[in-house]
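Dear colleague,

I am passing the structure below on to you, together with the notes I made while going through it. Please read the notes with the sequence and the coordinates open beside them.

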Amino acid sequence: MAYLGTDAQRIVGKYSVILFLVGFLTFFSNIFQHYIYGLVGERAMNNLREALFSVVLRSEVGWFEEPRNSVGFLTARVVSDTSMIKTVISDRMSVIVQCISSILIATVLSTAVNWRMALAVYAMMPCHLIAGLVQVRSAKGFATDVSTSHQKLISLTSEAVSNIRTVASFVQEEEILRKADLALQEPMRTIRMESIKYGALQGVALCLWHMTHAVQLSCTIALIGKGLATFENCVRSYQTFALTVPSITELWTLIPMVMSALAVLDPALDILDRETQIIVLDVPKASHDEEDRIVGGVAFEGVSFSYPSRAKVTILDGFSLAIEPGQRVALVGPSGAGKSTVFALLLRFYEPSQGRVLVDSKDIRDYNLKWLRRQIGLVQQEPILFNLSIRENIGYGNEGASEAEIVEAATEANIHEFISGLSAGYGTVVGDKGSQLSGGQKQRIAIARTILKKPAILLLDEATSALDGESERVVMSSLAAKGWGKSGIGEASSSTTTSITIAHRLSTVANADVIVVMEKGAVVELGSHETLVSASNGVYSRMYRVQVKGAKD
Ligand SMILES: Nc1ncnc2c1ncn2[C@@H]1O[C@H](COP(=O)(O)OP(=O)(O)OP(=O)(O)O)[C@@H](O)[C@H]1O
């Protein structure tokens, strides 16, 4: 105490109390700050996820067929990448704000103490800025490369998991692991090179930092020597400067980190920026009365079409067909003739390159898309069931349906008996993509789902192909008894249900009003089963003879 002035004890005591209170305040302000940033980060992440998911769901079918829009890629964009925004805001932004404010306070204080000293202290700052900017640029490129390489691994994982039965039956586990290993080696190589580059840049920044200290000390001595600063002020200014050192260092580390995190978001933001082509041109929903129902007339007028992913291959070539409301029409023909494509165009999954698709004599582009799709029921060969209960799967898209309506639809689809035999009945969860059910059971649940929708146009794309002959007969006659092709399914109303059935098994379609035979994207024959069979040189009669002979053999 001998070295200190008389009131030193009192002054130190006063500052100790102030410091104690500041510490206390810091405790609460930190909690508050992290709470706010955490909340803002979580909100920003959720908003971004919602916006991205909505763009993905509203995208046209063709967009999903682009190789870069695989399930793995889109899942990574919507789930993983978006978490970066939370990391940046919640974890990094608060620290960045703290660093910037302490640097600003230190600048003001050291200028107030001695502006010459402050000038000397900050004269070296541009060196740090240059080093920092170099770091930022290198970190940004680095992050993009690595995330691109990891996308291969993500796609590989999701594809292998969702197709695990095929993978296992073809014993492809080793091959997939080999591909995964290759996908992992790529980022490793990138990381090795980039680490060296990153380390060198960090070295430059630290080297400049130490040089600044040296210049600062020399200036201190020079200023004292010339009588332009007191020793006390020099120490104060130097101390203030020294206190900002960790903040400046942290800032230079954090900024590249934030930049690389934001670079990861680039592909997600690209998705967000895109405009979905079909929706952009859509007719407002308000132009249709929700209660209105289309009558069911369908016409294709000189429709030509190529899939966007194979633009040079013409799938439909001047395809024309007129279907009356309530007619039962069958589309048959060799594999690849374009039958399912006809359905895809009617549902407006794609736009024809030429010609028009009409429903009730009106171009389908003049209907609101969602409204139109609600009137059309599609059952596919490989029906997609969701990992939900059977009740929820049948009621999918008809959330207001009562239990009685669901049971009625299941009965019509000849699946009620099977469901009733399950211990959990309609509450049985069917597994991922309905993996806990047989192909035929899945098809019948999908038919029940569509029956419940009471569509004006029913599209059956090999919808009963997995059923045995007897089961198929029961389902088809149940649909016929309910009046598909005559009146609305499941209701004794005067409204009609037009049905178009695609089938390879000709017995499925023999009762159709009109059978349309397609080959290479065009109609080659048209007529009733009897008429077509009697044309002995016709495509249909040839197909029929082959099937009858096959059945006899
Ligand atoms: N999404 C797609 N992208 C590119 N080409 C496609 C796509 N879907 C189908 N194709 C091609 O279009 C042609 C017609 O296919 P489509 O599924 O309409 O035939 P299909 O008559 O229903 O055949 P199948 O009886 O085997 O189901 C085929 O050559 C097929 O390879």
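**Cysteines**

C219 has a relative accessibility of 24%, and because buried means under 20% and exposed over 50%, this cysteine counts as partly exposed. Please keep in mind throughout that the model is a predicted one. C99, by contrast in class, is buried, its relative accessible area being 3%. As for disulfides, the structure holds 0 of them.

**Nonpolar cores**

Which residues touch the most other members of the largest nonpolar core? They are F300, L331 and L346, in a core that numbers 35 residues. The element that gives the most to this core is helix α12 (residues 339-346), which supplies 5 residues. If one sets aside the neighbours within four places in sequence, L346 is in contact with V298, F300, V357, V359, I364, L372, I376, I457, L459 and I500, and you may find it useful to display that list around the L346 side chain while reading on. Another core lies apart from the largest one and has 26 residues, including I419, A446, L452 and M476.

**Aromatic rings**

There are 10 aromatic pairs in the structure. One of them joins F20 and F24, whose rings are stacked, with 6.5 Å from centre to centre and 10 degrees between the planes. These two phenylalanines are 4 residues apart in helix α1 (residues 8-58), and are therefore separated by about one helical turn. With a relative accessibility of 61%, F20 counts as exposed because it is over the 50% limit, whereas F24, at 48%, counts as partly exposed. The pair of Y367 and W371 is also stacked, because the ring centres are 5.8 Å apart and the planes lie at 15 degrees, which is under the 30 degrees that stacking requires. Both Y367 and W371 are buried. Returning to helix α1, which holds F20 and F24, ring pairs link F20, F24, F27 and F28 into a cluster.

**Charges over rings**

Y367 has a further partner besides the ring of W371, since the charged end of K362 sits over the Y367 ring at 4.7 Å from its centre. A second arrangement of this kind involves K14, whose charged end sits over the ring of Y15, 5.4 Å from the ring centre.

With kind regards

Key:
Residues are numbered from 1 along each chain as its sequence is written. This is a predicted model: local features need pLDDT of at least 70, side-chain atom pairs count only at pLDDT 80 or more; totals for chains, interfaces and linings use all residues. Side-chain values use heavy atoms; hydrogens and water are left out. A nonpolar core is a set of buried Ala, Val, Leu, Ile, Met, Phe, Trp, Tyr and Cys residues joined through side-chain atoms within 4.5 Å. Buried means under 20% relative accessible area, exposed over 50%, partly exposed in between (1.4 Å probe, protein chains only). Contact means heavy atoms within 4.5 Å. A disulfide is a pair of cysteine sulfur atoms within 2.5 Å. Rings of Phe, Tyr and Trp (its six-membered ring) pair if their centres lie within 6.5 Å; planes under 30 degrees apart count as stacked, over 60 as edge-to-face and the rest as tilted. A charge sits over a ring if NZ of Lys or CZ of Arg is within 6 Å of the ring centre and within 35 degrees of the ring normal.
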